[in-house]
Amino acid sequence: GLNFIDLMVRQGNIDNPPKTPLVPGFECSGIVEALGDSVKGFEIGDRVMAFVNYSAWAEVVCTPVEFVYKIPDDMNFSEAAAFPMNFVTAYMMLFEVANLREGMSVLVHSAGGGVGQAVAQLCSTIPNVTVFGTASSFKHEAIKNSVTHLFDRNADYVQEVKRISADGVDIVLDCLCGENTGKGLGLLKPLGTYILYGSSNMVTGETKSFFSFAKSWWQVEKVNPIKLYEENKVIAGFSLLNLLFKQNRGGLIKGVMDKLLNLYNSKKIKPVVDSLWALEEVKEAMQRIHDRGNIGKLILDVEKAPTPLMANDSTETSEAGEEEEDHEGDNENKERMPFIQ
């Protein structure tokens, strides 16, 4: 699986990144080739999906058994590689952190992405949940049925939400950070929960930019605990990778995966795969995520041959990071991407 955090790793926008050379990637699917001496519950030949603390983008992966899960019979390998990060993140935020219940409302940014689509599907399993989503305009037709109210990501979504729900929303899921933090907190109803689970606004051009990083950081509204107390609001953060690999909560995640697989087997949720890419195409695949061109998850397939490029294709990243944000999704590059047929 290819996630936005992989772009942040590449740019160094994370705390204590591993020293190079390193193999990126945090989730994968495949067939068990070998077992540790004390491993039980798995056999060679089993179809599995797994979390990996880096090194997932490879033909052979090794990871502790607590991070490995069997794939349901009717789930293919591409769906399995798209499942763990997106759905566990969405489930944990909605049900473990925000306590989603019947009749609540949720605002999710990047509604067309992998986590956004997982959030929308999980919300549909609870009666009368209203989902507000922001996404690039070219994605609206494809995802309009997955959310209740859909807004252009460049529009004034705060006023659009308040026009529909004057009191705001119960849950805000923010993967953007920057100025959206203050907007999200302002939209919360009393007893509402704002959850930051990413900071994609800090990724702009091809290389890490101190000025872009500083701009995003200074746009974050400083939170006053007394104000939270007076307004009865909750602010939270969520990092699945830290929970797994730094805070040793693999057992908790296993319980969540069991619930999610039950929902999958009941046909209530299904991972959305945007496209498959050869390992040699990782640069183009990361560019597609950078430009927010994907609907659902991008998958690196070790058995896939590279797709020939047309003569007018370009995979170069613009240096004008902020301008790139404004024109996202409008580039012709997305038309030639190797979509699953």
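How are H1 and H12 oriented to each other? Let us find out by walking through this predicted model, beginning with that pair of helices.

Helix H1 covers residues 4-11 and helix H12 covers residues 282-290. Their axes come within 9 Å and cross at roughly 110°. Angles of 65 to 115 degrees count as roughly perpendicular, so H1 and H12 are roughly perpendicular to each other. To see where they touch, look for Phe-4, Asp-6, Leu-7 and Arg-10 on the H1 side, which meet Met-286, Ile-289 and His-290 on the H12 side. By class, this contact of H1 with H12 has 4 nonpolar, 1 polar and 2 charged residues.

Next, turn to helix H3, residues 84-97, and helix H4, residues 114-123. Here the axes come within 8 Å, and the crossing angle is roughly 50°. H3 and H4 are therefore oblique to each other, and their crossing is right-handed. From H3, the residues in contact are Asn-86, Phe-87, Thr-89, Ala-90, Tyr-91, Met-93, Leu-94 and Phe-95. They meet Gly-114, Val-115, Ala-118, Val-119, Gln-121, Leu-122 and Cys-123 in H4. The contact of H3 with H4 divides into 11 nonpolar and 4 polar residues, with no charged ones.

A third pair awaits in helix H6, residues 157-164, and helix H7, residues 180-187. Their axes lie 10 Å apart, and the helices pack at an angle of about 10°. Because angles under 35 degrees count as roughly parallel, H6 and H7 are roughly parallel to each other. Tyr-157, Val-158, Val-161 and Lys-162 of H6 make this contact with Asn-180, Lys-183, Gly-186 and Leu-187 of H7. Sorted by class, the residues of the contact of H6 with H7 are 4 nonpolar, 2 polar and 2 charged.

Now leave the helix pairs and visit the second largest pocket, which holds about 1,000 Å³ of space. Of the 35 residues lining this pocket, the closest to its centre are Cys-28, Ser-29, Gly-30, Ile-31 and Val-61. Which elements each supply at least two residues of this lining? They are strand S1 (27-31), strand S2 (47-51), helix H2 (77-81) and strand S11 (297-300). S1 gives the most, with 5 residues. As for the character of the lining of the second largest pocket, its residues divide into 24 nonpolar, 6 polar and 5 charged.

Conventions:
Residues numbered from 1 in each chain as written. Predicted model: local features only at pLDDT ≥ 70, side-chain atom pairs only at ≥ 80, totals over all residues. Heavy atoms only, no water. 1 Å grid on protein atoms, 1.4 Å probe; cavity = no way out; pocket = protein on both sides within 12 Å on 5 of 7 lines; lining within 4 Å. Points joined across faces, edges and corners; volume = space filled by probe spheres on them. Helix = DSSP H or I, 4+ residues; strand = E, 2+ residues; numbered from the N terminus. Nonpolar A, V, L, I, M, F, W, Y, C, P; charged D, E, K, R; others polar. Axes fitted to C-alpha atoms, helices over the stretch in contact; angles between N-to-C directions. Parallel < 35°, antiparallel > 145°, perpendicular 65-115°, else oblique. Left-handed = near helix turned anticlockwise from the far one by under 90°. Contact = heavy atoms within 4.5 Å.
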